[in-house]
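Open your viewer, switch to a cartoon view and get ready to select residues as we go. We will begin with one small detail and then step back to the whole chain.

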Amino acid sequence: LADNVAASDVVLLFLSRGYFASKACAIEYEAAVRLGKPLILVHEGNENKGGLPLEQARRDCPEPLRQKQSSAADPSSRGSAPTP
C-alpha cells in the first residue's frame with residue numbers, strides 16, 4: 001500500500017466511520033504525510049451509509065494528518081491569493 005501511495009501524484013482519503021482505526025488506512029495516510037503527497041479528503045456524513053459526523057472525523061484524525069490538513073487549509077501558508 002505504501003508503494004502505491006509513493007507512485008501516486010495525489011492521495012484521496014475517504015473519511016468514513018472507522019477510517020482512522022483501520023491499520024491499512026493508517027499505512028496509507030502515514031505514507032502520504034511522510035512523502036509529502038497532496039491529500040484530498042472526502043467526508044461521508046451519512047451515518048446510514050457508513051459515514052460519521054465531521055466533528056467526529058476531526059477528533060479521530062491523528063495529529064500529523066490534522067496538522068497537514070490545517071496548514072493546507074490556511075491560505076497564508078500558500079503565498080498570496082491570485083487577483084481576480
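Which glycine, just after α2, takes a positive phi? Select glycine 36: its phi is about 70 degrees. Keep in mind as you look around that this is a predicted model.

Now colour the whole chain by secondary structure. You should find four helices and two strands, running α-β-α-β-α-α from the N terminus. Of the 84 residues, 24% are buried. Switch on the surface too: the accessible area is about 5,800 Å², and carbon and sulfur atoms hold 54% of that.

Next, select α2, residues 23–34. This helix has twelve residues and spans 16 Å between its first and last C-alpha, close to the 16 Å expected at 1.5 Å a residue. Go to its N-terminal end and show serine 22, which acts as the cap. One of its side-chain oxygens sits 3.4 Å from the backbone nitrogen of alanine 24.

Stay with α2 and show its buried residues: Cys25, Ala26, Glu28, Tyr29, Ala31 and Ala32.

From there, move into the largest nonpolar core, a group of 13 residues. Show Leu13, Tyr19, Phe20, Tyr29 and Leu65, the members that touch the most others. Both β1 (11–15) and α2 supply at least two residues of this core, and α2 gives the largest share, with five.

For a last stop, centre on tyrosine 29. Beyond its neighbours within four places in sequence, tyrosine 29 contacts Leu13, Tyr19, Phe20, Pro62 and Leu65. Zooming out again, 67% of the chain's contacts with a separation of 6 or more join residues 24 or more positions apart.

Conventions
Residues are numbered from 1 along each chain as its sequence is written. This is a predicted model: local features need pLDDT of at least 70, side-chain atom pairs count only at pLDDT 80 or more; totals for chains, interfaces and linings use all residues. Side-chain values use heavy atoms; hydrogens and water are left out. Buried means under 20% relative accessible area, exposed over 50%, partly exposed in between (1.4 Å probe, protein chains only). Contact means heavy atoms within 4.5 Å. Accessible areas come from the Shrake-Rupley method with a 1.4 Å probe; for residues, only the protein chains shown count as cover. A nonpolar core is a set of buried Ala, Val, Leu, Ile, Met, Phe, Trp, Tyr and Cys residues joined through side-chain atoms within 4.5 Å. The expected span of a helix is 1.5 Å times one less than its number of residues. A polar contact is a pair of N or O atoms within 3.5 Å; within protein, one must be able to donate a hydrogen and the other to accept it, and residues adjacent in sequence count only if both atoms are side-chain atoms.
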